[in-house]
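Subject: Structure handover

Hello,

Here is the structure we spoke about, with its sequence. My notes on it follow below.

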Amino acid sequence: MSYDDVEIEDMVWNDELQAYTYPCPCGDLFQITKEDLKLGEEIARCPSCTLYITVVYNIEDFMDKKPTKPFEPSKQQSLTVA
């Protein structure tokens with residue numbers, strides 16, 4: 001059972017760790033990366049103790065945006081070589 005449920009909006013992006021963080025009662029920080037979130041992971045763990053939290057977020061906010069129209073290869077032009 002997780003220590004708490006925390007909204008992603010209540011977490012802080014940490015450039016140094018490249019992860020979203022949230023204060024842990026032990027004094028360290030719960031951490032979860034964008035890559036974890038893209039994979040559907042919802043557990044942020046503390047590296048210093050056994051506690052973890054459940055991150056509440058919308059996975060669609062972290063999915064890679066796909067182009068709206070299908071990819072079309074560029075048309076090749078013939079070159080005349082003298």
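Asp-64 is located in the segment that follows S6. With a relative accessibility of 57%, Asp-64 is classed as exposed. Its C-alpha lies 8.1 Å from that of Lys-38, although 26 residues separate Asp-64 and Lys-38 in sequence. Please keep in mind throughout that this is a predicted model.

Strands

S2 (residues 12-14) and S3 (residues 19-23) are antiparallel and share 3 bridges. They make a hairpin with 4 residues between the strands, and Gln-18 in its turn has a positive phi of about 55°. S3 also runs antiparallel to S4, with 4 bridges joining the two. That second hairpin has 5 residues between its strands, and there Gly-27 has a positive phi near 105°. Tyr-20 of S3 appears in both pairings: Trp-13 stands opposite Tyr-20, and Tyr-20 stands opposite Ile-32 in S4.

Core

The largest nonpolar core has 14 residues; those touching the most other members are Ile-8, Met-11, Tyr-20, Ile-32, Leu-37, Ala-44 and Val-55. At least two residues of this core come from strand S4 (29-32), and at least two from strand S6 (52-56). Leaving aside residues up to four places away in sequence, the contacts of Ile-32 include Met-11, Tyr-20, Leu-37, Ala-44 and Val-55. Ile-32 also touches Ala-19, Glu-41, Glu-42 and Ile-43. In soluble globular proteins, nonpolar side chains tend to be buried together.

Aromatic rings

The count of aromatic pairs is 4. Tyr-3 and Phe-30 are a stacked pair, because their ring centres are 6.3 Å apart and their planes meet at 25°. Tyr-3 belongs to the segment before strand S1 (5-7) and Phe-30 to strand S4, so this pair ties together parts 27 residues apart in sequence. The two partners differ in burial: Tyr-3 is partly exposed at 47% relative accessibility, whereas Phe-30 is buried at 0%. Trp-13 and Tyr-20 form an edge-to-face pair, with 5.0 Å from centre to centre and 70° between the planes. Trp-13 is partly exposed at 27% relative accessibility, while Tyr-20 counts as buried at 15%. Ring pairs also link Trp-13 and Tyr-20 with Tyr-57 and Phe-62 in a cluster.

Two charged side chains sit over rings. Lys-34 is over the face of Trp-13, 4.5 Å from the ring centre. Arg-45 is over the face of Tyr-52, 5.5 Å from the ring centre.

Cysteines

How many disulfides does the count give? The count is 0. The closest cysteine sulfur to that of Cys-26 belongs to Cys-46 and is 3.6 Å away, which is too far for a bond because the cut-off is 2.5 Å. Cys-49 is likewise in no disulfide, and the nearest cysteine sulfur, in Cys-24, is 3.6 Å away. Cys-26 is partly exposed at 42% relative accessibility, and Cys-49 is partly exposed at 27%.

Thr-50 sits in the loop between strand S5 (43-45) and S6. Its relative accessible area is 74%, so Thr-50 is exposed. Thr-50 and Cys-26 are 24 residues apart in sequence, with 9.8 Å between their C-alpha atoms.

Regards

Technical notes: Residues numbered from 1 in each chain as written. Predicted model: local features only at pLDDT ≥ 70, side-chain atom pairs only at ≥ 80, totals over all residues. Heavy atoms only, no water. Core = buried A, V, L, I, M, F, W, Y, C linked by side-chain atoms within 4.5 Å. Buried < 20%, exposed > 50% of the residue type's maximum accessible area, 1.4 Å probe, protein only. Contact = heavy atoms within 4.5 Å. Pairing = 2+ DSSP bridges. Phe/Tyr/Trp six-rings, centres within 6.5 Å; stacked < 30°, edge-to-face > 60°. Lys NZ or Arg CZ within 6 Å of the ring centre and 35° of its normal.
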